[in-house]
Amino acid sequence: MSNPTLQAVKGMNDILPDEAQLWLWFEDTVRDWLEGYGYRNIRMPLVEPTALFKRAIGEVTDIVEKEMYSFEDSLNGDQLTLRPEGTASCVRAVLQHNLLYNAPQRLYYQGQMFRHERPQKGRYRQFHQVGVEALGFAGPDIDAEQIVMCARLWKKLGIRDVALQINTLGDAASRQRHREKLIAYLEQHKEALDAEAQRRLYSNPLRILDTKNPAMQELVSAAPKLMDELDEDALMHFEAVQAILRQHGIAYEINTRLVRGLDYYNRTVFEWVTTRLGAQGTICAGGRFDGLIEQIGGKPAPACGFAMGVERLLALLQEDGMQNPSAPLDVYVVHQGEQAQHLAWQVAETLRDEGLKVLLHCGGGSFKSQMKKADGSAASCAIIIGDDEVLANAVMFKPLRSGGEQQRVGLDGLQQKIRELIK
Ligand code: ATP
Ligand code: MG
C-alpha cells in the first residue's frame, strides 16, 4: 500500500524493475561502444568538496549559483556537495592519483548527478550522465573523434532526428577582446536587458548570448561575434575539426550562440539536439576545456569531453516505440513433494553451473498455480518435478513459448539436452 508520508525526494526517480531492464541494456551498449574507442572506466565519489565545483565550473554559472546540493558535514564541518556533473571530479581524481603526465587518458564514467532544478519532463534533480573525457590531447583529431563516436552511438541505439550544433569559443585572449566589445555593446542597450542579463553583464556576459528570453533575441543576434575575434590557431583548429566531420559524412550546423553553461570550455563546443523532447532537447553536450586542469591545481594540459543525459536518451528511445526488454530467464522450475523439492534444487544448481538462468519456484502451492506463475514469467521453458519424476530419475520438460510438446528428459546430460530443447 502506498504511504503518502514516505515518498522519494521530488525530482529524484525510482527506476523500477521493468524499466531497469532498458537501463541495463543501454549501459551494456554504451560500455561496448566506449571500449570500441579505447576508453577506460573510472568511478568517482558522489560527494566532493564544494570548493572543487566552485573552482571548476565557475562562481557565476547556473549550477554553482543555484543548482548545487551543498551541505556541511555535521561531524567535522567540511563543506561538501553532491556532484552536479562529472568532469571536475574526474579531473580531480586524475590529478590526485597522478594518472595524466605519463600518458594521455581516455576515460569514461556513468552515474547519478544532482542539480536543484525545477523538475519537468527531461529535467530532474537526480539524473544520470555518461561522461567521456580525453585528457592530455591538444589536437582537433580528438574533438572530432568524440563527435564521430556520438554519431556511431546514435546509430547503434537506433536514434534518429538528432542534429549536431558546433561552435568555437576561441582562446583566452580573443575571448577577453570579445568580452570587452560585448560589454560595451550591452551597456549601450542596458534598458533592453532583463534582470538576469543585468546581473551577468560584468560577471558572465557571454552567457547573455545564450538567453532564452524572446524579448532579447534581436539584441543578442546583433551583438559582437566572438567568431570575428578568433586568432589564427583557434580558427585552424575549428576548421580541422570540421574537415574530419565532413570526411565522415556527419552533418552539422555552426551555431555561433552556442556557449555552454559552464565556464571551463574553450575552442570546440558541441551539442546534439532533438526537437522531439520539447524544451529539454539537448541529449549530449561537450567540448574542449584546455584551462581546467591547471585551474584545479594541475600542470597545464589540454582536454576535451562530453556528457550525455541518460534519461533524455531513453525518453527518445521510448518515444520511438522501444519496449522495455524483459529480464532474461531460461527455465522456471516447478516442483511438489519433499523429494521432488530436493531434486529441483539440484537440477536448478546444475543448470546454473552451465550458465542457464533459472528461477526455482519458492513458496509451495499446487502444480496448477505454479504453472500459472511459470507461464507468466519470461522463461522459455518449465521443468516440472513430482514424485513420478523422482522415481524415474528424470524431469518433465515443457516449452512455454514454442508450443512444442511436453516430454520427459532423463537426468543424464540434462544440461545439454535442455540447451538443445530451448534453442
Ligand atoms: P540544460 O541546458 O538542459 O540545462 P546543461 O547545459 O545544464 O543542460 P550539461 O551540464 O551540459 O547540461 O549536461 C549534459 C547533459 O546532461 C545535458 O545535455 C542533458 O542531456 C543532461 N542534463 C543536464 N541537466 C539535467 C537534468 N536536470 N535532468 C536530466 N538531464 C540533465
Ligand atoms: Mg542546466
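Student: Which residues come closest to ligand 1, and how many surround it?

Tutor: Sixteen is the count here: 16 residues surround ligand 1, and the closest are Arg 115, Glu 117, Arg 123, Arg 260 and Thr 282. Keep in mind that this is a predicted model. To be counted, a residue needs a heavy atom within 4 Å of the ligand.

Student: What makes the pair between Arg 115 and ligand 1 a polar contact?

Tutor: A polar side-chain atom of Arg 115 lies 2.8 Å from an oxygen atom of the ligand. The cut-off for N or O atoms is within 3.5 Å, so this pair qualifies.

Student: What about Tyr 124: which of its atoms approaches ligand 1?

Tutor: That one is a backbone N or O atom, 2.9 Å from a nitrogen atom of ligand 1. With the limit at 3.5 Å, the Tyr 124 pair is therefore a polar contact too.

Student: And how do you know that Gly 309 belongs with these contacts of ligand 1?

Tutor: A polar backbone atom of Gly 309 is 3.4 Å from an oxygen atom of the ligand. That value is within 3.5 Å, so the pair counts. As for the ligand's surface, the protein covers 88% of the 590 Å² of accessible area that ligand 1 has on its own.

Student: Which strands supply at least two residues of the shell around ligand 1?

Tutor: Strand E6 (126–135), strand E10 (282–288) and strand E11 (303–309) each do so. The largest share, four residues, comes from E10.

Student: By class, what is the shell around ligand 1 made of?

Tutor: Seven of its residues are nonpolar, four are polar and five are charged.

Student: Where do those strands sit in the sheet of eight strands?

Tutor: The order is E1-E5-E6-E11-E10-E9-E7-E8, in an open sheet with mixed pairing.

Student: Why are strand E1 and strand E8 called edge strands?

Tutor: Strand E1 (40–41) and strand E8 (253–254) each pair on one side only.

Student: How do you know that E10 and E11 pair?

Tutor: Pairing takes at least two bridges, and E10 and E11 share five in the antiparallel sense, so the requirement is met. One of the bridges links Ala 285 with its partner Ala 307 in E11.

Student: How many bridges does E9 make with E10, and how many with strand E7?

Tutor: E9 and E10 are antiparallel over six bridges, with Val 273 opposite Thr 282 in E10. Strand E7 (residues 163–168) is also joined to E9 by six bridges, again antiparallel, and there Gln 165 stands opposite Glu 271 in E9.

Student: What makes E9 mostly covered?

Tutor: Seven of its eight residues are buried.

Student: Why is Arg 267 called buried?

Tutor: Its relative accessible area is 15%. Buried means under 20%, so Arg 267 fits the term. Arg 267 is found in strand E9 (residues 266–273).

Student: What makes the phi of Arg 267 worth a look?

Tutor: Phi of Arg 267 is near 45°, a positive value in a residue other than glycine. Most residues other than glycine have a negative phi. Asn 98 is another case, with a positive phi of about 55°; Asn 98 is found in the loop between helix H4 (87–96) and strand E5 (105–114).

Student: What is the strand order in the open sheet of three strands?

Tutor: E2-E4-E3, with antiparallel pairing. Strand E2 (47–49) and strand E3 (70–72) each have a single partner strand, so one side of each lacks a neighbour in the sheet. On average, neighbouring strands of this sheet are turned by 35° against each other, direction ignored. Three bridges join E3 to strand E4 (residues 79–82), and Phe 71 stands opposite Leu 80 in E4.

Student: His 128 and Gln 323: which is buried and which is exposed?

Tutor: His 128, in strand E6, has a relative accessibility of 11% and therefore counts as buried, the limit being under 20%. The side chain of His 128 makes a polar contact of 2.8 Å with the side chain of Glu 311. Gln 323 has a relative accessible area of 63%, so it passes the over 50% mark for exposed. Gln 323 lies in the loop between helix H12 (310–319) and strand E12 (331–335).

Note on methods: Residues numbered from 1 in each chain as written. Chains lettered and ligands numbered in written order. Predicted model: local features only at pLDDT ≥ 70, side-chain atom pairs only at ≥ 80, totals over all residues. Heavy atoms only, no water. Polar contact = N/O pair within 3.5 Å; in protein donor to acceptor, adjacent residues only side chain to side chain. Areas by Shrake-Rupley, 256 points an atom, 1.4 Å probe, with all protein chains shown as cover. Nonpolar A, V, L, I, M, F, W, Y, C, P; charged D, E, K, R; others polar. Buried < 20%, exposed > 50% of the residue type's maximum accessible area, 1.4 Å probe, protein only. Axes fitted to C-alpha atoms, helices over the stretch in contact; angles between N-to-C directions.
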